[in-house]
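Grab a pencil and open the viewer. Here are some short exercises, each with a worked solution.

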Amino acid sequence: MQSDLDAVPPIKHPLREILHRLSDPALVADTVIRGIMTAWDSVSPSDFAHLYREIRTHTMCSDARLRSLYRSVKYVVSEKIPGDLVECGCARGGSAALMGLTLAQAKDHRRLWLFDTFEGLPAPTSGDPDFEIADLFTGTCVGTATEVKNLFQHLAVDRDVQLVKGLFQDTLSSAGVDQIALLHIDGDWYESVKTCLENLYDKVVPGGIIQFDDYGYWRGARNAVDEFFAKRGIKAGLRRLDYSGRSLTKPT
């Protein structure tokens, strides 16, 4: 699920965390760029911008990360990469709906899996390096299953969309996902991201795309990714999307 500064009600956000984030020049610069891109896509005639305007009120994901998902869907379609699209942590469903709209635009049909508690962010584990701050976010970023279903129905992209409710630890291993062409991991916390990789990485086909929403924002998410690839001896080749987002093409 998304974790940008504007994703959490101010009362939940400690002042020291705001000051810490604003003291990072990279985040300040990224915030300015994000504002410019958002303004442009509010009026742009591009294909992406048209889809973006359909879902922008239903997501906290940045313009850059949404644009990357759009391009990734187009890529797996054009390159005929086999497999489903999977999102772990969908909140109100905006980024997943963008993937669905992009598939429809490309006249391609694939199953879209959405994994979420649909009750807000779960509590981080006590060993999470971000625990003191992350724990304040427990229960935020809520998107109910009904809300997400209604969005997909409204956009007419609800065909073969599978919502799976529960913690990743309880659902990913038994969900029946076979091949994955595009995997979007937006789990925020160390344990959540680690669970996603342990259960789903091997199902991503070579040449498929994996996108991480929180790599640059939460140390726990970054540690989970780095540790997983180090343990596997994988040269990840992460591409920077913005301050927080990263993506990679799975090597053969």
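Two strands count as paired if DSSP finds at least two bridges between them; strands (E, at least two residues) and helices (H or I, at least four) are DSSP runs, numbered from the N terminus. You're looking at a predicted model, where local features need pLDDT of at least 70, side-chain atom pairs count only at pLDDT 80 or more, and totals for chains, interfaces and linings use all residues. Residues are numbered from 1 along each chain as its sequence is written, and side-chain values use heavy atoms, with hydrogens and water left out.

**Exercise 1.** Find the residues that stand opposite R246 in β7.

*Solution.* Start with β6 (residues 239–240), which pairs with β7 (residues 246–249) in the antiparallel sense over two bridges. A hairpin of five residues links β6 to β7. Here R240 sits opposite R246. Next, take β5, which runs antiparallel to β7 and is joined to it by four bridges. There, F212 faces R246.

**Exercise 2.** Work out whether α4 is largely enclosed or not.

*Solution.* First, locate helix α4 at residues 63–78. Then count its buried residues (under 20% relative accessible area with a 1.4 Å probe, protein chains only; exposed is over 50%, partly exposed in between). Because 12 of the 16 residues are buried, α4 is largely enclosed by the rest of the structure. Among the buried ones are L66, L69, Y70 and V73. Just after α4 comes K80, with a positive phi near 55 degrees.

**Exercise 3.** Which residues does L183 touch, leaving out those up to four places away in sequence?

*Solution.* Look for contacts, meaning heavy atoms within 4.5 Å. You'll get V86, C88, L200, V204, I209, I210 and Q211.

How values were computed. Expected span 1.5 Å × (residues − 1).
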